[in-house]
Amino acid sequence: MSNLVVTIPANPPERLDKALALAVPEEAALSRTRLARLIADGAVSGPEGVARDGKARVIEGQEYRIALPKPEPVETRPENIPLNIVHEDADLLVIDKPAGMVVHPAPGSPSGTLVNALLAHCADSLSGIGGERRPGIVHRIDKDTSGLLVVAKSDRAHHGLAAQFEAHTAQRRYLALAHGVIDAADPRLRGIPGISFEPGGILKITSRLARHATDRQRQAVYFDRGRHAVTRARMLESFGKPPAAMLIECRLETGRTHQIRIHMAHAGLGLIGDPVYGGARKASVKALGEIGEAVKAFPRQALHAAFLGFDHPVSGASLSFESPLPDDMQRLLTGLRLAKS
C-alpha cells in the first residue's frame, strides 16, 4: 500500500471526484473513473476523515490522501523486444524510445509496447503505482514521437519522479520540424490568443488543454477550462524561399497530452508529418522546392524528445541525458539544409 497526497487547486470543480482528477499529477495515471472507485472503497481521506462521497464539496487548499492498493498481478505479458537503454540503476532506467512504439497497452495496442518490453527486461522490479497496464510509467511520449523517457523501478522512485514532473522541475527539450517560421514581428502570430514573445525571439504559448468537444481522440486549446499548459519554442534554422519550414527547440513548462503538437498547430505552425494536428501545407511545400515532396510525405510527426534532466529520486544526484535525432528526421533535416544552400 502506498499513499499519494494531493492539494485541491484554485477554483476547483465543486465535486470531490472531479477536483481530485484535476489535482492528481498526470503521471500518476489515475483516471476519474479509478478515483471514483477509490473513493467508494474508502481509500481517500481528507480534512474530515475518510471521504466516501464523490459528490462532496471541496475547498481550495484542502489536502487529500489517496491510499493506492498494491497493484494487481500484471496480465500484460513480457515480450523480448530490444530496448535502447541509456541509463539503468536499482531505482530507474532511461529509455530512448523509437518512433512507432506505444508506451503502454491500450485497446488496439495490447502487445509490442514499451511496457511489454520492460516486463521482460525488469521482471518484477517495476513500480506498480501506474496500475496493471502501466507499471513503472512516470510520463509518456506519443507512439510516433521518438526519444527519451524515464521509467521507475521502485515505488519510491515513482513518487519522487512524479513529484518532479508535477512541480515542473524535470527538464524536457524537444526538437521538431515544423511548417512556417517564428517571427516576433509577424502581426498574425501576435494576434493569436495565448501567444506572446520572450527575449531572444522565443515563442511562448499559454492556454488550457482539454479533450476536443467532438473528437475524443484529440485534445484542443481552450481558455476557460482544461489543464494549464505552457510551451516555449525557439527557431534554430529556417528553410525555403521564402522561409516556409523550420527546425525548432521546444521546452515544456507543463507536460499535457499532445501539448507541443496542439500548441504549434494553434500558432499556425503545425509539425511536419503530424496526421492529426499538423499535416502538409501547400504553400510551404511549394516554397521548399524538390524537398517539399519529402516534407509532404513524411510519415509521422517530426518530433523527438532530445533532452531529459531530473534529480535522482533516491540519491539526489543531478542527471541529464541527450538523444541525437533519429535517422528519418536527420535525413529530412539534411535534405532541407541542402535545398537551402
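**Exercise 1. Count the helices and strands of the protein chain, then judge its compactness.**

Step 1: the chain holds 9 helices and 15 strands, taken as DSSP runs (H or I, at least four residues, for helices; E, at least two, for strands) numbered from the N terminus.
Step 2: its radius of gyration is 21 Å, close to the 20 Å of the globule rule for 341 residues, so the chain is as compact as a globular protein of that length. The radius is taken over C-alpha atoms, and the rule is 2.2 Å times the number of residues to the power 0.38.

A word on the model: it is predicted, with local features needing pLDDT of at least 70 and side-chain atom pairs pLDDT 80 or more, while totals for chains, interfaces and linings use all residues. Residues are numbered from 1 along each chain as its sequence is written, and side-chain values use heavy atoms, without hydrogens and water.

**Exercise 2. Find Ser207 and decide: buried or exposed?**

Step 1: look in strand 10 (residues 202-211), where Ser207 sits.
Step 2: Ser207 has 4% relative accessibility, so it counts as buried (under 20% relative accessible area; exposed is over 50%, partly exposed in between; 1.4 Å probe, protein chains only).

**Exercise 3. Which residues touch Ser207, leaving aside its neighbours within four places in sequence?**

Step 1: list those in contact (heavy atoms within 4.5 Å): Val221, Tyr222, Phe223, Arg227, His228, Ala229 and His263.
Step 2: now turn to the side chains, where Ser207 and His263 are joined by a polar contact of 2.8 Å. Such a contact is a pair of N or O atoms within 3.5 Å; within protein, one must be able to donate a hydrogen and the other to accept it, and residues adjacent in sequence count only if both atoms are side-chain atoms.
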